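Here's a quick briefing to read with the structure open beside you. Grab a coffee and have a look at the chain before you go through the bullets.

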Amino acid sequence: MSQTIGKTRLAYSRAWHHVSLSSPTTPSLGRLASRIAILLMGKHKPIWDPSTDCGDYVVATGCTDVYVTGKKMQQKQYYKQTTRPGALKSLSMESMIRKWGGGEVLKRAVRGMLPKNRLRDKRLDRLKVFEGEAHPYRKNLIKFEGRTRMVEPETKTEILKKQSA
């Protein structure tokens, strides 16, 4: 019988999810950002608590193909202020994608969906965005578009062979 009462360390383990923006069934930017925010916060887990950080990692690839509806690409403005008079800078979504890529647009959308508290930046750090399909987190992924990928555990002999080679 376990002596631990409450949430265990195993319950807080973080999974890695993959979201491909280049697939034809990808939702629009806002809907996608809200789904990613739920994964980053951990609201999909039964142990979710607003004051704890129990969310997962999310890897978003193909960010150049970010999909928005209407005329948002030309009309949506992003603002930056340096607190000095007359220093308000604005940038359209189209020019932001040209300058910094679609990953920055996705990060700003997800940032707006996360709660404004001390955990916001820690949660946003777990979002990894890439313009192309290649990324270094391929071995960490266990979920790709909602489907679980089964990972075979390596045996000791396989590990020893890799180390000796």
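What follows is a short tour by topic, from the overall fold to salt bridges, a strand pair, a pocket and a couple of single residues.

Keep in mind that this is a predicted model. The chain has 6 helices and 7 strands, and they come in the order β-α-β-α-β-β-α-α-α-β-β-β-α along the sequence. Of its 165 residues, 34% count as buried.

**Overall fold**

- How much of the contact picture joins residues at least 24 apart? Taking contacts in the chain between residues at least 6 apart in sequence, 63% of them do.

**Salt bridges around Asp53**

- The count for the model comes to 6 salt bridges, and a good place to start is aspartate 53.
- Aspartate 53 pairs with arginine 14, with 3.8 Å between the closest N and O atoms.
- That pair ties together distant parts of the chain, 39 residues apart: aspartate 53 sits in the loop between helix 1 and strand 2 (57–61), and arginine 14 in the segment before strand 1 (16–20).
- Is aspartate 53 buried or exposed? Aspartate 53 has 18% relative accessibility, so it counts as buried.
- Arginine 14 counts as partly exposed because its relative accessibility is 33%.
- Aspartate 53 also forms a salt bridge with arginine 123, and here the closest N and O atoms are 3.6 Å apart.
- This second pair again links distant parts of the chain, with arginine 123 in helix 5 (residues 120–125) and aspartate 53 in the loop between helix 1 and strand 2, 70 residues apart.
- Both arginine 123 and aspartate 53 are buried.

**A salt bridge inside helix 4**

- Arginine 108 and glutamate 104 make another salt bridge, with their closest N and O atoms 3.2 Å apart.
- Why are these two separated by about one helical turn? Because arginine 108 and glutamate 104 are 4 residues apart in helix 4.
- Arginine 108 is at 31% relative accessibility, so it counts as partly exposed.
- Glutamate 104 is at 26%, so it counts as partly exposed too.
- Back to the wider picture: salt bridges with shared partners join Arg14, Asp53, Arg123 and Arg126 into one network.

**Strand 1 and its partner**

- Strand 1 is mostly covered, with 5 of its 5 residues buried.
- Side chains in a regular strand alternate between the two faces of the sheet.
- Which residues of strand 1 are buried on each side? Trp16, His18 and Ser20 are buried on one side, and His17 and Val19 are buried on the other, so both faces are covered.
- Strand 1 runs parallel to strand 2, and the two pair over 5 bridges.
- Within that pairing, histidine 17 has valine 58 in strand 2 as its bridge partner.

**The second largest pocket**

- The second largest pocket holds about 180 Å³ of space.
- Its lining is made up of Ser28, Leu29, Gly30, Val68, Thr69, Lys72, Lys76, Tyr78, Met93, Val105, Arg108 and Ala109.
- Helix 1 (29–41) and helix 4 (102–113) are the elements that give two or more residues to this lining.
- Which element gives the most to the lining? That's helix 4, with 3 residues.
- By character, the lining residues divide into 6 nonpolar, 3 polar and 3 charged.
- Arg108 is worth a second look, since this pocket-lining residue also takes part in the salt bridge with glutamate 104.

**Two loop residues to look at**

- Aspartate 56 is in the loop between helix 1 and strand 2.
- With a relative accessible area of 2%, aspartate 56 is buried.
- What does aspartate 56 touch, leaving out residues up to four places away in sequence? Its contacts are Ser13, Arg14, Ala15, His17, Leu39, Leu40, His44, Lys45 and Arg126.
- Lysine 45 is 11 residues from aspartate 56 along the chain, and their C-alpha atoms are separated by 9.7 Å.
- Alanine 87 belongs to the loop between strand 3 (77–80) and strand 4 (89–92).
- Alanine 87 counts as buried because its relative accessibility is 14%.
- Leaving out residues up to four places away in sequence, alanine 87 touches Lys80, Gln81 and Thr82.

Technical notes:
Residues numbered from 1 in each chain as written. Predicted model: local features only at pLDDT ≥ 70, side-chain atom pairs only at ≥ 80, totals over all residues. Heavy atoms only, no water. 1 Å grid on protein atoms, 1.4 Å probe; cavity = no way out; pocket = protein on both sides within 12 Å on 5 of 7 lines; lining within 4 Å. Points joined across faces, edges and corners; volume = space filled by probe spheres on them. Nonpolar A, V, L, I, M, F, W, Y, C, P; charged D, E, K, R; others polar. Salt bridge = Lys/Arg side-chain N within 4 Å of Asp/Glu carboxyl O. Buried < 20%, exposed > 50% of the residue type's maximum accessible area, 1.4 Å probe, protein only. Contact = heavy atoms within 4.5 Å. Pairing = 2+ DSSP bridges.
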